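User: Could you take a close look at the ligand site in this one for me? I'd like the polar contacts and the surroundings, in plain talk.

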Amino acid sequence: MDLGISGKWAIVCASSKGLGRGCAEALAAEGVNLVITARTRETLEQTAADIRKNSSVEVKAIAGDITTEEGRDKVLAACPAPDILVNNAGGPPPGDYHDWTLDDWNKALNANMLTPIELIKAVVDGMRARKFGRVVNITSSAVKAPIDILGLSNGARAGLTGFVAGIARKTVIDNVTINALLPGPFDTDRLRGNFEAVSKARGVSIEEVRKERAATNPAGRFGTAEEFGAACAFLCSDKAGYITGQNILLDGGAFPGTL
Ligand code: NAD
């Protein structure tokens, strides 16, 4: 299927690795020019070089922290009129809610709720004026089925989801859609980091933890960044103009509900 977005420009946040990189690669494969971001310049430049090697699109690598005003300003200066925005940032740490201070909450809300809202606010009116726009927020399966130790994530992402539910119904009149992709367990550095922590705590090998966790998923495995990127590229396509305000779960069937 031709997704009809060749030649467009996308900002893909937090995309040197993992799910963000999967989205950037899938968009590049569709001929979409990219502005990619991450904090560490070397890793980001390497990702940009890999994408350029495998496609003919233009790739601008903008190093910086997307959760800061300075980081967002740099990205928007590099691409003031994007056709596509993929919002992403690292997730908050796990823990016990008794221990979370106001500062912990402010960090989580800033990274996983207010940063995407600020970026949407910066680009969405231009998209509406140009009669094309696709915004995809990478959130979490925790939006649908909260995970107790990830309360900071449950709360911040639910806030973003509520905000988007309102405006996604307003922008679609101008062919600007806003949706979220909700990852379950995907095989990225973040998941690998969790396995390391569990392996240390339980005194079992990382491989054992990985096998156990994979077996609990109906698919018997974790998702891949490629699968995630493909779903993102479809939502960004010109074929997806009638999908807006949706929260799409990619979890191998782990959520047990009928709907
Ligand atoms: P990852 O650690 O593999 O990759 C994160 C990417 O974001 C890296 O490129 C990193 O450099 C970049 N990044 C992080 N913070 C940034 C910041 N402040 N500014 C700019 N770049 C930043 O993580 P991932 O697994 O791809 O996860 C992406 C998002 O999806 C996270 O919010 C995570 O909590 C969420 N999520 C992931 C899973 C999973 O199983 N992988 C499940 C549910 C939710």
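Analyst: Let's start with Ser16: one of its polar side-chain atoms sits 2.7 Å from an oxygen atom of the ligand. Keep in mind that this is a predicted model. Ala89 also has a polar contact with the ligand, but through its backbone: an N or O atom there is 2.6 Å from a ligand oxygen. Then there's Ala14, where a polar backbone atom and an oxygen atom of the ligand are 3.5 Å apart. As for cover, the ligand on its own would expose 830 Å², and the protein buries 90% of that.

Now the shell as a whole. It comes to 26 residues, and the closest ones are Ser16, Leu19, Ala89, Phe186 and Thr188. Sorted by type, the shell has nine nonpolar residues, 11 polar ones and six charged ones. Two helices, α1 (18–29) and α6 (189–202), each put at least two residues into it.

Ala14 and Ser16 lead us on to Thr37. Thr37 belongs to strand β2, which covers residues 33–38. Its relative accessibility is 2%, so Thr37 counts as buried, the cut-off being under 20%. The Thr37 side chain comes within 2.8 Å of the backbone nitrogen of Ala14, and Ala14 is the residue whose backbone also has that 3.5 Å pair with the ligand. Leaving out residues up to four places away in sequence, Thr37 touches Val12, Cys13, Ala14, Ser15 and Ser16, along with Leu44, Ile62, Ile66 and Val75. So Thr37 is in contact with Ser16, whose side chain pairs with a ligand oxygen at 2.7 Å.

The other thread to follow is α6, one of the helices that supply shell residues. Helix α6 is also part of what covers the buried residues of α7. Those buried residues of α7 (residues 206–215) are Val209, Arg210 and Ala214. Looking down the α7 axis, they fall within an arc of 130°, so they line one face of the helix. Lys211 and Ala215 are exposed, on the face of α7 turned away from that buried side.

One last stop, in a loop: Tyr97 lies between β4 (84–87) and α4 (102–130). Tyr97 has a relative accessible area of 60%, so it counts as exposed, given that the cut-off is over 50%. Its C-alpha atom is 8.9 Å from that of Asp148, with 51 residues separating the two along the chain.

Note on methods. Residues are numbered from 1 along each chain as its sequence is written. This is a predicted model: local features need pLDDT of at least 70, side-chain atom pairs count only at pLDDT 80 or more; totals for chains, interfaces and linings use all residues. Side-chain values use heavy atoms; hydrogens and water are left out. A residue is near a molecule or strand if one of its heavy atoms lies within 4 Å of it. A polar contact is a pair of N or O atoms within 3.5 Å; within protein, one must be able to donate a hydrogen and the other to accept it, and residues adjacent in sequence count only if both atoms are side-chain atoms. Accessible areas come from the Shrake-Rupley method with a 1.4 Å probe; for residues, only the protein chains shown count as cover. Helices (H or I, at least four residues) and strands (E, at least two) are DSSP runs, numbered from the N terminus. Ala, Val, Leu, Ile, Met, Phe, Trp, Tyr, Cys and Pro count as nonpolar, Asp, Glu, Lys and Arg as charged, and the others, Gly among them, as polar. Buried means under 20% relative accessible area, exposed over 50%, partly exposed in between (1.4 Å probe, protein chains only). The arc is that of the directions from the helix axis to the C-beta atoms. Contact means heavy atoms within 4.5 Å.
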